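Reader: I'm new to this, and interfaces confuse me. Could you walk me through how to read them?
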Amino acid sequence: MLTDKIAFREPTIQLSHGAGGKASRRLIEGLLAPYFNMKDLNDAAYVQADQAKIAFTADSFVVNPLRFPGGSIGELAINGTVNDIAMSGAKPLAIVSTLIIEAGTETEILEAEIKAMQEAAEKANVAIVGGDTKVVEHQKADKLFITTAGIGLVDPRVNLSAGRVQKGDKIILSGPIGDHGITILFARGELDLEADIKSDTRAVWPFVAKLIDAAAPGLKWMRDPTRGGMATALNELARDAKVAIVLEEEAIQVRPEVRGACEILGLDPMHIANEGQFIAVVSKEYADDALKAIRQVPGGEQAAIIGEVHESDRHIVLSRSSYGGTRAIDMLVGDPLPRIC
Amino acid sequence: MLTDKIAFREPTIQLSHGAGGKASRRLIEGLLAPYFNMKDLNDAAYVQADQAKIAFTADSFVVNPLRFPGGSIGELAINGTVNDIAMSGAKPLAIVSTLIIEAGTETEILEAEIKAMQEAAEKANVAIVGGDTKVVEHQKADKLFITTAGIGLVDPRVNLSAGRVQKGDKIILSGPIGDHGITILFARGELDLEADIKSDTRAVWPFVAKLIDAAAPGLKWMRDPTRGGMATALNELARDAKVAIVLEEEAIQVRPEVRGACEILGLDPMHIANEGQFIAVVSKEYADDALKAIRQVPGGEQAAIIGEVHESDRHIVLSRSSYGGTRAIDMLVGDPLPRIC
Amino acid sequence: MCLAIPGKIVELLDDRNQYAMIDVSGVRRKVNISLIQHEGVKVNDWVLIHVGFAMNKISEKQALEQLQLLQEIGEDKEAMTEIKGYQFD
Amino acid sequence: MCLAIPGKIVELLDDRNQYAMIDVSGVRRKVNISLIQHEGVKVNDWVLIHVGFAMNKISEKQALEQLQLLQEIGEDKEAMTEIKGYQFD
Amino acid sequence: MRFIDEFRNPELIKKTLEEIERIIEPDDHFRIMEACGGHTYSIFHFGLQELLPKNIEFIHGPGCPVCVLPPGRVDEGLEIASKNSDVIFTAFGDVMRVPGKKGSPLNHKAMGTDVRMIYSPLDALDIAIKNPDKKVILFAIGFETTAPSTAITVLRAKELNVDNFFVYSNHVKIVPVLKSILDQPNMRIDGFIGPGHASVIIGAHPYEIIAKDYNKPVVISGFEPLDILQSILMLIKQLKNGEAKVEIQYKRVVMEEGNVSALEIIDQVFEDRPAFEWRGLGAIQNSALKLRPEFAKWDAEVQFNVQKITIEENKDAQCGDVLKGMLKPNQCKLFGKVCTPDNPVGALMVSSEGACATYYNHLYSTMNY
Amino acid sequence: MRFIDEFRNPELIKKTLEEIERIIEPDDHFRIMEACGGHTYSIFHFGLQELLPKNIEFIHGPGCPVCVLPPGRVDEGLEIASKNSDVIFTAFGDVMRVPGKKGSPLNHKAMGTDVRMIYSPLDALDIAIKNPDKKVILFAIGFETTAPSTAITVLRAKELNVDNFFVYSNHVKIVPVLKSILDQPNMRIDGFIGPGHASVIIGAHPYEIIAKDYNKPVVISGFEPLDILQSILMLIKQLKNGEAKVEIQYKRVVMEEGNVSALEIIDQVFEDRPAFEWRGLGAIQNSALKLRPEFAKWDAEVQFNVQKITIEENKDAQCGDVLKGMLKPNQCKLFGKVCTPDNPVGALMVSSEGACATYYNHLYSTMNY
Ligand code: SF4
Ligand code: SF4
Ligand SMILES: [Mg+2]
Ligand SMILES: [Mg+2]
Ligand SMILES: [Mg+2]
Ligand SMILES: [Mg+2]
Ligand SMILES: [Mg+2]
Ligand SMILES: [Mg+2]
Ligand SMILES: [Mg+2]
Ligand SMILES: [Mg+2]
Ligand SMILES: [Mg+2]
Ligand SMILES: [Mg+2]
């Protein structure tokens, strides 16, 4: 829910306004949401169509480089939208996609992404049913931008709302974090770092489907922590649900390579983007069933309960270490930048 | 229906591939549709969601200039998608929109478009329920690209399909053509021409709603002749329905200013883009009722029956003048360009 | 070759008679008229426009004569009234 | 200030001992080792890395001593075995 | 629209058609070349061919300045612009899609070269004035119709002392090319519909040589259906009478002597090139215009080191035979298969005014793409 | 991760905390400055403040090279790059979001200036080698930790004869700034946690003056929880004993004499600036490094005509008082309202390592944004 709206006063739009962190939220909540009368800002919106409750979402993808270990912009464009639908408790039904292509882009590059889209769609069991193609002049795009919109049929057993989240609820995370963001950072080649690591891009509906079967009554909120990472997703939850989230640092899985990269670069894995993970808030009674359900699906073995919802006036996210130290985890301002000091 | 598919062999993507004419079709039918297993290429796709038949569509908008007499990119982005839904015989329900913004774009420019979107959405009685915002570096976009996706609930009385179009069916056009394209051409300022003329951008659902009420059983096909103009829309019809279309040149309304511009610049109004008109194919028996219904809605007074469907081996569009001369009307290759010879 | 179009002079734009505003069916443009200066140019004259230049004045008299001639081709005097409908005003 | 991180030398990259490949938890980078040449550098050495340079070798001995010292703080001899768990291998 | 709609009057069109039917006889066969692409376009656009008796055959002439541009010429202009980041290449919309070796001006624009479409040569001069740190090239095309506009623009650049404006002249002349076609063996043309708008400038006199030396009638014609039909009527009458005169049908704008003031200005700024290469026709003497040495300061060919780019034409292209009336466009081996408006091989497929393009667009529109 | 995880051992942390609790007495109140932003960051990141007794108070020092950069300095570097289209501006990620008058390097990059993020100074040299037609500026920042890397890079540029690589040096020295803080009236610091990584280079000796002349204990510390806690323990012991010595806690990498080879290289390439302006602290003598005249060829300040840009600091900014330990960050009038990490006014809010930024991020995270 949007409370304490702040008008957007910055005179120009800068990169940080698109990076998924605080500046993005200022832009969206200070400018877009008020005009569009949006009350909730979720991964997908719900639309009632006759008897059917539809989840409806869209995202634009502007990744650089277009291809990276484990995936590519085309694959992301499908999985990202499929996942936003899944996060709404809906079974993905169909995708429409639009392409904005920079004139001069090699057909080979385009074809590879179209192929990647189709393959990802098949894997996610969703049809690409339509779309649009625009070509713009050289230097008026960056090779290829893909926008996908998706619709899904909301599972009638599900009732997701930050408002239902309350003290004692458990936070479940589907697997290790930071793989995608670090892969992209490395793939840009600017830092000359390498590691055996790849993007985690995948469709999460199979996990969500089982989760719903096992724990629908206790399932209260879901989010895929993409741009802005876990830090942003959980801060949004804290704010929208008016609670504090307390995480157990040790429960959060981070691959050694991702951890190594973060230590080298002075980054926090909690700020790094993911493309195949999700967070679910489940009531205490259903938490174990939920966890078991996710873990049963191949690829979900590392799911874990990573924290708990607390009552508090301060709607923040805290991370607690094993020796009892806690730190607040804030959203980032823009994209995470490597630092040397 | 996609028959005689031709593989796309051009090594790079050029502007013409996005201009809505022949090159666009080559790209879409030769590359995208085969990968995505698309059989029909319509304004919107149909998706069955439980009991509801949903029309689902998306378009990206990359207009230059962003604002022009009668409208702006924001307004177009809403009306374009609302109209594609309407063209599927569906009542528009909801829109999601994504913005790709070039870093450095003035907030004022962005805000004006957000406002325009909201106003257009209100006018079209459709909610903008969600979206996404990306910011890219300077010269990696052109100020602002907007993508909108929309869903609508298909009217159960409607059964649209090129396959149903047959000899004797009437072609109805909702009003004068070419206003949008000529307005944009003038607004770019390159030609130093001026006229009292503005884009026709508007939502056409109110017309379509009445048309359905009056003539649903006879209503076979609809299309909004946007990029590529009437020439492209009707050629697609001829091809998909395997018929010839014969138009009565005099029945097609063209404003004097648009005609003047076309004569000066050597353009054919049939190739010029529209953003608030539509073509409907209606069986002979329902044609008069259909026409009357459209004309009754304010702004539909100039609707007319402009031609008829004929049987023919050659699936072409012919225009017949009052003295009996006929000419074939082909799709354009790229954007219409003014000529001096 | 050479698309040219009739337009009406609606305003003379400078003293040296180099530019005029012309109107073609409601579309206006500044046009160079130096090629027809020698004929004398005034508002309401019709001129033939090509690439932003007036190439010549259009003769209403010749136009009418042509139409009349064609009208008379079939010796169909009766239709003479009809041609009046195309008279220039 | 000055983020620096322990990494292990996995390969010496040139004769002049100017560059080595280091590994930090599976992340590899070429690093300049000229600042620690005078100490003698070999594969499996642990070094402290800052902005692509090895600043110093890391002393395993000192590290162990520190941990032992801290372990002994409370005179809790019993926990001495535990610290072995953090012994370097 | 005045001076347009009157000449599309359905009654008069029918009447004129009837008159043509009336005087033509079954054994007649007239091959009429419309020299001008504008006429070709009108004939198809208004569907005149099928309204006329079958024994009137149109032979589509060389009168499309874009079509006859020697291949390589656009490349030369674009080469300057893409090599020099301070050069702005300007041209009419017609030129924008003409394919060069490395793509059309539009392709170059899309890839970042500063290419701008203009409506008038004066627009190019304006761009030069507004961008003093850039060099603006006007890629000038056109027959005598357009040459005066370019000439005035050059004079204006001189007057205003604009030194960053340059003309890359591709101006051509109509009569030399008609003569060259008439000189070809196997040529089969009975008479000419003379170009209406070029003749506004040059008048009727230059065509006398065609009537006199080659014994072919010429009727200078307007572009509306009634103009063209009346011209055909006039031509048939001459042909049936065994006459070969130069007549003006398009009297509302064309005068015997042309536009004297315009001719003077052309002569002041331009001189004949000894020879100029025409796409599909080869070199023709005194058939094109270049800036006089006095205007060298504004001559792109002088000011930029233009490397001549020669592109070999496809050997199977039969443009020449089409131009001579020996072949219909669709009889060319390449027509519609290798050579399409989208990917033109020969001259006549380049602009929508070109004979082959017009043929293709109007008759083969949806065959394939 | 080795040499990291061991020093985050929960048992040992608890034990060390207990020992601190044990030896500190209720009446004690120790104000300890952690000179280095890395320590500030660790204290908050590991939640040490709340685990420690309330009578140990941290005063966050000036040890963030980005924070102390004089305003205008980034502008000067960016000015060169945005005025010359052949200049590539390179800097560490830390610098990328530092706001200049016309935006940060990241803003400039977004607007088309060629700004590149590097991980190592050698990366900037590489860019220069790969772009011989460009001029590459390394916007060098850092304390003595980073200076040797810049120095080696300059030496390498000389060796390889790279003449399109230029260093814009903002290197600063830790001891002069600590002295300057100690010299301020109202200063309230009892002892120092000495910077671990700068001391890897400079060793322990330079801090003797603080212990001797100012009678303040210094413990050079590592950055892991156990390092910091042990250092605090060592400091408390000195303070309770009335001692003022320089001790090394971070013995696994810091040696008494520092890295002699690195010190030699710094001395070879750099010399002291007579004075350097510190954000929030004013000019401090001999507190910064510039290239020696022998390396003028690679000195951006010499090779480019850098116009000094002075930006007036906000009068309400109380960074100086925060640095002196007189105010906590959140006691500054601007904190969290006018001055935020997103829109920093003062020095200490600029980098995520700055005292005010750290405070804001960890304690006020969701108050507003
Ligand atoms: S089809 Fe092409 S090659 Fe053949 S004559 Fe026509 S233009 Fe020339
Ligand atoms: S809040 Fe800002 S102005 Fe105040 S002391 Fe901190 S950095 Fe300086
Ligand atoms: Mg999401
Ligand atoms: Mg979404
Ligand atoms: Mg998303
Ligand atoms: Mg579309
Ligand atoms: Mg690019
Ligand atoms: Mg449409
Ligand atoms: Mg659509
Ligand atoms: Mg559309
Ligand atoms: Mg999004
Ligand atoms: Mg731009």
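Author: Sure, and keep in mind that this is a predicted model. Let's start inside one chain: chain E is split into domain 1 (5-64 + 175-248), domain 2 (71-172 + 258-303) and domain 3 (319-360).

Reader: How far apart do the C-alpha centres of domain 2 and domain 3 of chain E lie?

Author: They lie 26 Å apart. As for contact, five residues of domain 2 of chain E meet eight residues of domain 3 of chain E.

Reader: How do I put a size on a boundary like that?

Author: People often quote the accessible area that is lost when the parts come together. Here, domain 2 and domain 3 of chain E bury about 500 Å² between them, and 71% of that is on carbon and sulfur atoms.

Reader: How many salt bridges and polar contacts are there across the interface of domain 2 and domain 3 of chain E?

Author: Zero salt bridges, and one residue pair in polar contact, counting pairs with both residues at pLDDT 80 or more. On the domain 2 side of chain E, the touching residues are three nonpolar, one polar and one charged.

Reader: Can we try another pair of domains?

Author: Let's go to chain A, which is assigned domain 1 (1-41), domain 2 (43-154) and domain 3 (162-328). The C-alpha centres of domain 2 and domain 3 of chain A are 23 Å apart. Domain 2 of chain A puts 22 residues into the contact, and domain 3 of chain A puts in 21 residues.

Reader: How much area do domain 2 and domain 3 of chain A bury between them, and which residues of domain 2 lose the most?

Author: They bury about 1,700 Å², with 63% on carbon and sulfur atoms. In domain 2 of chain A, the residues losing the most area to domain 3 are Pro69(A), Asn83(A) and Met87(A), together 31% of what that side buries.

Reader: What about charged partners there?

Author: One salt bridge turns up across the interface of domain 2 and domain 3 of chain A. For a salt bridge in chain A, look at Arg223(A) and Asp43(A), whose closest N and O atoms are 3.5 Å apart. There are also six residue pairs in polar contact between domain 2 and domain 3 of chain A, with both residues at pLDDT 80 or more. Helix H2 (73-86) and strand S5 (90-102) of chain A each give two or more residues to the domain 2 side, and H2(A) gives the most, with eight residues.

Reader: Does the same reading work between whole chains?

Author: Yes, just swap domains for chains. Take chains E and C: 55 residues of chain E contact 45 residues of chain C. Together the two chains bury about 4,000 Å², 63% of it on carbon and sulfur atoms.

Reader: How many salt bridges are there between chain E and chain C?

Author: Three. Glu159(E) and Arg16(C) meet through their side chains in a salt bridge, at 3.6 Å from N to O. Also between chain E and chain C are 13 residue pairs in polar contact, both residues being at pLDDT 80 or more. Several helices of chain E supply at least two residues to this side, including H1 (10-23) and H7 (147-159). The largest share, six residues, comes from H7(E). By type, the side of chain E that touches chain C has 28 nonpolar, 15 polar and 12 charged residues.

Reader: Which chains have the most contacts among the nine pairs that touch?

Author: Chains A and B. No contact joins chain B and chain D, though, and their closest C-alpha atoms lie 27 Å apart.

Note on methods. Residues are numbered from 1 along each chain as its sequence is written. Chains are lettered from A and ligands numbered from 1 in the order in which they are written. This is a predicted model: local features need pLDDT of at least 70, side-chain atom pairs count only at pLDDT 80 or more; totals for chains, interfaces and linings use all residues. Side-chain values use heavy atoms; hydrogens and water are left out. Contact means heavy atoms within 4.5 Å. Buried area is the accessible area (1.4 Å probe) that two parts lose on being put together, summed over both. A salt bridge is a side-chain nitrogen of Lys or Arg within 4 Å of a carboxyl oxygen of Asp or Glu. A polar contact is a pair of N or O atoms within 3.5 Å; within protein, one must be able to donate a hydrogen and the other to accept it, and residues adjacent in sequence count only if both atoms are side-chain atoms. Helices (H or I, at least four residues) and strands (E, at least two) are DSSP runs, numbered from the N terminus. Ala, Val, Leu, Ile, Met, Phe, Trp, Tyr, Cys and Pro count as nonpolar, Asp, Glu, Lys and Arg as charged, and the others, Gly among them, as polar. Domain bounds come from an automatic or database domain assignment.
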